[in-house]
Amino acid sequence: MSIYEKIAALGIVLPEVTPPVAVFVPFVRSGNLIFVSGHIAKENGKPWVGQLGLNVTTEQGIKASRGVAIDLLATLNLAVGDLNKIKRIVKLMFLVNSAPTFTEQHLVANGASELMVQVFGENGMHARSAFGAAQVPFGSCVEIDLIAEVEE
Amino acid sequence: MSIYEKIAALGIVLPEVTPPVAVFVPFVRSGNLIFVSGHIAKENGKPWVGQLGLNVTTEQGIKASRGVAIDLLATLNLAVGDLNKIKRIVKLMFLVNSAPTFTEQHLVANGASELMVQVFGENGMHARSAFGAAQVPFGSCVEIDLIAEVEE
Amino acid sequence: MSIYEKIAALGIVLPEVTPPVAVFVPFVRSGNLIFVSGHIAKENGKPWVGQLGLNVTTEQGIKASRGVAIDLLATLNLAVGDLNKIKRIVKLMFLVNSAPTFTEQHLVANGASELMVQVFGENGMHARSAFGAAQVPFGSCVEIDLIAEVEE
């Protein structure tokens, strides 16, 4: 199965990539590495506002995290032109909008981590860091950035 | 215009780089990538203390962010010897010292992002992540680190 | 002295690397760079729970940070097979679990930074970013991730 067949089999439709409204870009390629900007969780196209441990449950956070991963895939697709050329998902950084008492950032992160493995298999097994952010732009509950390696 | 002419035209004088007081360095080059350490916002040579959403306004944060970008340029200059050799500003990470209610980290980030584009043009268009930190060393209101690519 | 002799001279025994319980890996190599996942501080094999500025002192944080560095060395050892092949410790990111008033993240970071230099000498001098996280997975007081360069 190609990566696109796997994405379709998961019932996922890659969204259009919204260009950032500021003076930065969704991704930069340097050598074989693609650095993807932090993507925030959205619901119905708007920031998914809330904080884990306050008014967003871990289950909701996992769903939000998976949603961000889909947006990251769409940006990667734009960056590479063909997701089958992704050699490895290298690193994910998870900024979980967290009340001072919330300590399940790793569970929230799994929402995106699992999707990467479902889509890319072994090549989707990544290094990662997950932690609690005091806040996230637009009040979104999760932000994730990513480094991927492309075939030469 | 060379990069230095652009910097001068913006009325910017690159500061001396203060070596860190601890067991780390301002930058490390690995291959064509330069990894620059987190630089904190300063005012008159001292940490610019404060927290967004508490006692630092978004406008002040933007100014602080731009100030950090100038310090990052000075460190890049030290790293490369000639800023015209910077091929691309790859990635910026913004740690905005944020009260739990402050959600405009992206606006604060623009202070530095805009300067990068003013100085490097298209090569200054970077990927970035911005989020709220619970605190920043010395209580500074903004910290930024950076990855840049150098010509071979 | 080899790196292993230096580690032994510091009285350090590298621990077994515990594989992550989720769908990610402790490290990914891409080209000559090794990206190591965030490692949390542990005490007696369990998460070292607490927050700087609340119930963990700076001195304890420094000790926790050094402990994480030892775990990072063990993971690097697993990644490379021979720590003498590490060309450079490139970058460390420190997520210090911080109450909103704690501003000594740089001191906590020194615990790990100093160990890197004790073990690798000049090749251990790294770029770094340190800041306050609102929380860390499992409530651990410190999390650190790392990028290292390997000899070709």
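Which residue just after α2(C) takes a positive phi? In this predicted model that residue is C:G81, whose phi is about 85°, and I would like to begin with the helix that precedes C:G81 before turning to the sheet and then to the contacts between chains.

Helix α2 of chain C covers residues 58–80, which makes 23 residues, and the distance from its first C-alpha to its last is 32 Å, close to the 33 Å that would be expected at 1.5 Å a residue.

Now to the sheet in chain C, which is open and has five strands in the order β1-β2-β7-β5-β6, with mixed pairing. Its edge strands, each pairing on one side only, are β1 (27–30) and β6 (127–133) of chain C, and the average turn between neighbouring strands of this sheet, with direction ignored, is 15°. Within the sheet, strand β2 (residues 33–40) of chain C and strand β7 (residues 142–150) of chain C run antiparallel and are joined by six bridges, and in β7(C) the residue standing opposite C:I40 is C:E143. Helix α2(C) packs on this sheet, where it touches β1, β2, β5 (86–97) and β7 of chain C, and its direction makes about 35° with that of β7(C). Helix α3 (residues 105–120) of chain C, for its part, lies across β5, β6 and β7 of chain C and runs at about 160° to β5(C).

Two loop residues deserve a word on backbone geometry. In the loop between β6 and β7 of chain C we find C:F138, whose phi is near 65°, a positive value in a residue other than glycine; C:F138 counts as partly exposed, because 17 other C-beta atoms lie within 10 Å. In chain B, the loop between β3 (42–43) and β4 (46–47) holds B:N44, which is likewise not a glycine and has a positive phi, near 55°. With 5 other C-beta atoms within 10 Å, B:N44 is exposed.

Let me move on to how the chains relate. Chain B is superposed on chain C by a rotation of 120° with 0.0 Å of shift along the axis, at an RMSD of 0.0 Å, and that is therefore the relation of a three-fold axis. The residue of chain B that comes closest to the rotation axis is B:A134, with its C-alpha at 2.9 Å. The two copies use different surfaces, since 9% of the contact residues of chain B recur in chain C.

What does each chain bring to the contact between chain B and chain C? Chain B gives 23 residues and chain C gives 26 residues. On the chain B side, β1 (27–30), β2 (33–40), β5 (86–97) and β7 (142–150) each supply at least two residues, and the largest share, four residues, comes from β2(B). By class, that side of chain B has 15 nonpolar, six polar and two charged residues.

Chain B also meets chain A, with 26 residues of chain B in contact with 23 residues of chain A. Here the elements of chain B that give two or more residues are β5, α3 (105–120) and β6 (127–133), and β6(B) gives the most, with seven residues. The side of chain B that touches chain A has eleven nonpolar, ten polar and five charged residues, so anyone comparing the two sides of chain B can set these counts beside the 15 nonpolar, six polar and two charged residues on the side that touches chain C.

Terms used:
Residues numbered from 1 in each chain as written. Chains lettered and ligands numbered in written order. Predicted model: local features only at pLDDT ≥ 70, side-chain atom pairs only at ≥ 80, totals over all residues. Contact = placed C-beta atoms within 7 Å. Nonpolar A, V, L, I, M, F, W, Y, C, P; charged D, E, K, R; others polar. Expected span 1.5 Å × (residues − 1). Pairing = 2+ DSSP bridges. Axes fitted to C-alpha atoms, helices over the stretch in contact; angles between N-to-C directions. Least-squares fit on C-alpha atoms with pLDDT ≥ 70 in both. Buried ≥ 20, exposed ≤ 12 C-beta atoms within 10 Å, placed from the backbone.
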